[in-house]
Amino acid sequence: MDEHALHTTPEIPLHMALKIALLTRGVELDVLGIGYDAITDAERAAVVASHPRPDFKDEILAAFTDGLHDRPDTTFGNVKADVLAHFVPGFVRGTSSMRS
């Protein structure tokens with residue numbers, strides 16, 4: 001089982017190995033802002049000081065775009081469709097009637 005991909009499946013990783021659960025929570029916080037208010041400004045500053053990520057937003061959006069532009073069907077029903085809609089000219093969002 002690929003433990004590195006499990007963080008993209010909501011709730012399942014929280015019942016698996018601690019490393020997977022922590023990765024899930026980190027991604028949720030970094031990418032989606034889930035749990036942002038549960039961490040103090042000082043705690044966030046300490047993490048960023050220890051692990052600086054200059055230009056994180058642009059880099060992650062570029063990574064999503066690069067990884068998905070050749071397989072747009074995998075964005076159906078998730079936030080990555082928003083990324084492709086913004087960065088890929090001519091991208092058309094999938095609909096439930098397109099899936100069979």
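Buried means under 20% relative accessible area, exposed means over 50%, and partly exposed lies in between (1.4 Å probe, protein chains only). The model is predicted: local features need pLDDT of at least 70, side-chain atom pairs count only at pLDDT 80 or more, and totals for chains, interfaces and linings use all residues. Residues are numbered from 1 along each chain as its sequence is written, and side-chain values use heavy atoms, with hydrogens and water left out.

**Exercise 1. Describe the elements of the chain and the confidence in them.**

Step 1. Elements are DSSP runs numbered from the N terminus: helices are H or I with at least four residues, strands are E with at least two. The chain has 4 helices and 0 strands. Read from the N terminus, the order is α-α-α-α.

Step 2. Confidence is given by pLDDT, the predictor's value for each residue from 0 to 100. Its mean over the chain is 84, and 86% of the residues reach 70 or more. In the chain, α1 has the lowest confidence, with a mean of 85, and α2 the highest, at 94. Where pLDDT is low, the predicted coordinates should not be read in detail.

**Exercise 2. State how much of the chain is buried and what its surface consists of.**

Step 1. The chain has 100 residues, of which 15% are buried.

Step 2. Accessible areas come from the Shrake-Rupley method with a 1.4 Å probe; for residues, only the protein chains shown count as cover. About 7,600 Å² of the chain is exposed, and 60% of this comes from carbon and sulfur atoms.

Step 3. A contact means heavy atoms within 4.5 Å. Of the contacts between residues at least 6 apart in sequence, 10% join residues at least 24 apart.

**Exercise 3. Work out the surroundings of T65.**

Step 1. Locate the residue: T65 is in helix α3, residues 56–68.

Step 2. Classify it: the relative accessibility of T65 is 11%, so T65 is buried.

Step 3. List its neighbours. Leaving out residues up to four places away in sequence, T65 touches V83, L84, F87 and V88.

Step 4. Look for a polar contact (a pair of N or O atoms within 3.5 Å; within protein, one must be able to donate a hydrogen and the other to accept it, and residues adjacent in sequence count only if both atoms are side-chain atoms). A polar atom of the T65 side chain lies 2.9 Å from the backbone oxygen of L61.

**Exercise 4. Examine the salt bridges, and say what each pair connects.**

Step 1. Apply the rule: a salt bridge is a side-chain nitrogen of Lys or Arg within 4 Å of a carboxyl oxygen of Asp or Glu. This gives 4 salt bridges, and the next steps treat some of them.

Step 2. In the pair R53 and D30, the closest N and O atoms are 2.6 Å apart. R53 is in the loop between α2 and α3 and D30 is in helix α1, so the pair ties together parts 23 residues apart in sequence. R53 is partly exposed at 36%, and D30 is partly exposed at 38%.

Step 3. D41 and R44 form a salt bridge with an N to O distance of 2.5 Å. The two residues are 3 apart in helix α2, so about one helical turn separates them. D41 is exposed, at 60%, whereas R44 is buried, at 18%.

Step 4. The side chains of D82 and R93 meet at 2.9 Å, N to O. This pair links distant parts of the chain, 11 residues apart: D82 is in helix α4 (residues 80–87) and R93 in the segment after α4. D82 has 42% relative accessibility, so it counts as partly exposed. R93, at 41%, is partly exposed.

**Exercise 5. Find what is notable in the loops.**

Step 1. Take I34, in the loop between α1 (18–32) and α2 (41–50). I34 is partly exposed, at 47%. Together, V31, L32, I34 and V79 make a nonpolar surface patch of about 330 Å². Patches are made of residues with over 30% relative accessible area and no salt bridge; like charges are joined within 9 Å, and nonpolar side chains (Val, Leu, Ile, Met, Phe, Trp, Tyr) within 5 Å.

Step 2. Take D55, in the loop between α2 and α3. D55 is not a glycine, yet its phi is positive, about 65°. D55 is partly exposed, with a relative accessible area of 47%.

Step 3. Take R71, in the loop between α3 and α4. The R71 side chain reaches the backbone oxygen of G67 at 2.9 Å, and R71 is partly exposed at 45%.
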